[in-house]
Amino acid sequence: MFTNESLEVYLEIAGSVTQAELPGCREKGLLGDYAVAYRIFRNKQGGGFGDPDKHPYAWAAIVYVDGLPLRLNSARGDCREWSTLDRIGQWMVDNGFRYWWTRNDLEYVESPLLADALTAPAADIAAESSLGVDAELPINPDADSYVI
């Protein structure tokens, strides 16, 4: 299990930058084109989303300055946190990022997406057939991919 500090080591975060420094970095051509929204354990108790026992996680941002991944800090020097992906996504757009990666190394996902794809409803298969897509994909159970 990660802590926020060990997660930063794992993600190879090289330091931090404040939100106020971003326009200067962009003006000098040092700010990368994309950022990363990543899951962290909440540090702040406020922010309007209440009980840390009910909401133990928050989202933080990594930006690339001169090719180095840096954690985004507030003007006070603390890690900047968002309660939802919608809010951090809006921050990304408002700060000139056209695309970003999202990663969650803290929460376990029980259902793999491949299992959902293998049990597609019959209506989806019929729709694919009407579009000229071969509905019967030969599947090799020993392989990791489909043969189309």
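**Exercise 1. Cysteines**

Task: In this predicted model, decide whether Cys79 is buried or exposed, and then how many disulfides there are.

Solution:
- Step 1. Start with the accessibility of Cys79. Its relative accessible area is 13%. Buried means under 20%, so Cys79 counts as buried.
- Step 2. Do the same for Cys25. With 12% relative accessibility, Cys25 is buried too.
- Step 3. Now look at the sulfur atoms. A disulfide needs a pair of cysteine sulfur atoms within 2.5 Å, and by that rule the count is 0.

**Exercise 2. The two sides of helix α3**

Task: Find which residues of helix α3 are buried and which exposed residues sit on the face turned away from them.

Solution:
- Step 1. Helix α3 covers residues 85-94, and its buried residues are Ile88, Gly89, Trp91 and Met92.
- Step 2. Look down the axis of α3. The buried residues fall within an arc of 160 degrees, so they line one face of the helix. A general point helps here: an α-helix has 3.6 residues a turn, so residues three or four places apart point the same way.
- Step 3. Turn to the face away from the buried side. There you meet the exposed residues Asp86, Arg87 and Asp94.
- Step 4. Ask what lies over the buried residues. The cover includes α2 (22-27) and the strands β2 (31-41), β3 (57-65), β4 (68-73) and β5 (99-103).
- Step 5. Follow the chain past the helix. After α3 comes Gly96, which has a positive phi near 85 degrees.

**Exercise 3. Walking across the sheet**

Task: Work out the order of the strands in the open sheet and describe how β2 pairs with β5 and with β3.

Solution:
- Step 1. Trace the 5 strands of the open sheet. Their order is β1-β4-β3-β2-β5, and the pairing is mixed.
- Step 2. Locate the edges. These are β1 (15-18) and β5, each of which pairs on one side only.
- Step 3. Check the twist. From one strand to the next it averages 35 degrees.
- Step 4. Take β2 with β5. They run in the parallel sense over 5 bridges. Ala35 stands opposite Trp100 in β5, while Val36 has Trp101 of β5 opposite.
- Step 5. Take β2 with β3. This pairing is antiparallel, over 8 bridges, and Ala37 has Ala61 in β3 as its bridge partner.
- Step 6. Consider how covered β2 is. Of its 11 residues, 8 are buried.

**Exercise 4. The nonpolar cores**

Task: Identify which residues touch the most other members of the largest nonpolar core, and which elements give two or more residues to that core.

Solution:
- Step 1. The largest core has 17 residues, and Val63 and Met92 touch the most other members.
- Step 2. Two or more residues come from each of α2, β2, β3, β4 and α3. The largest share, 4 residues, belongs to β3.
- Step 3. Zoom in on Met92. Beyond its neighbours within four places in sequence, Met92 contacts Ala35, Val36, Ala37, Ala61, Phe97 and Trp100.
- Step 4. Look for another core. One of 12 residues lies apart from the largest, and its members include Leu11, Val36, Tyr38 and Tyr57.

**Exercise 5. Placing Glu5**

Task: Say which helix holds Glu5, and whether Glu5 is buried or exposed.

Solution:
- Step 1. Glu5 lies in helix α1, residues 4-10.
- Step 2. Glu5 has 58% relative accessibility, so it counts as exposed.
- Step 3. Compare chain and space. Glu5 and Ile40 are 35 residues apart along the chain, and their C-alpha atoms are separated by 9.6 Å.

Definitions and conventions. Residues numbered from 1 in each chain as written. Predicted model: local features only at pLDDT ≥ 70, side-chain atom pairs only at ≥ 80, totals over all residues. Heavy atoms only, no water. Buried < 20%, exposed > 50% of the residue type's maximum accessible area, 1.4 Å probe, protein only. Arc of directions from axis to C-beta. Contact = heavy atoms within 4.5 Å. Core = buried A, V, L, I, M, F, W, Y, C linked by side-chain atoms within 4.5 Å. Pairing = 2+ DSSP bridges. Axes fitted to C-alpha atoms, helices over the stretch in contact; angles between N-to-C directions.
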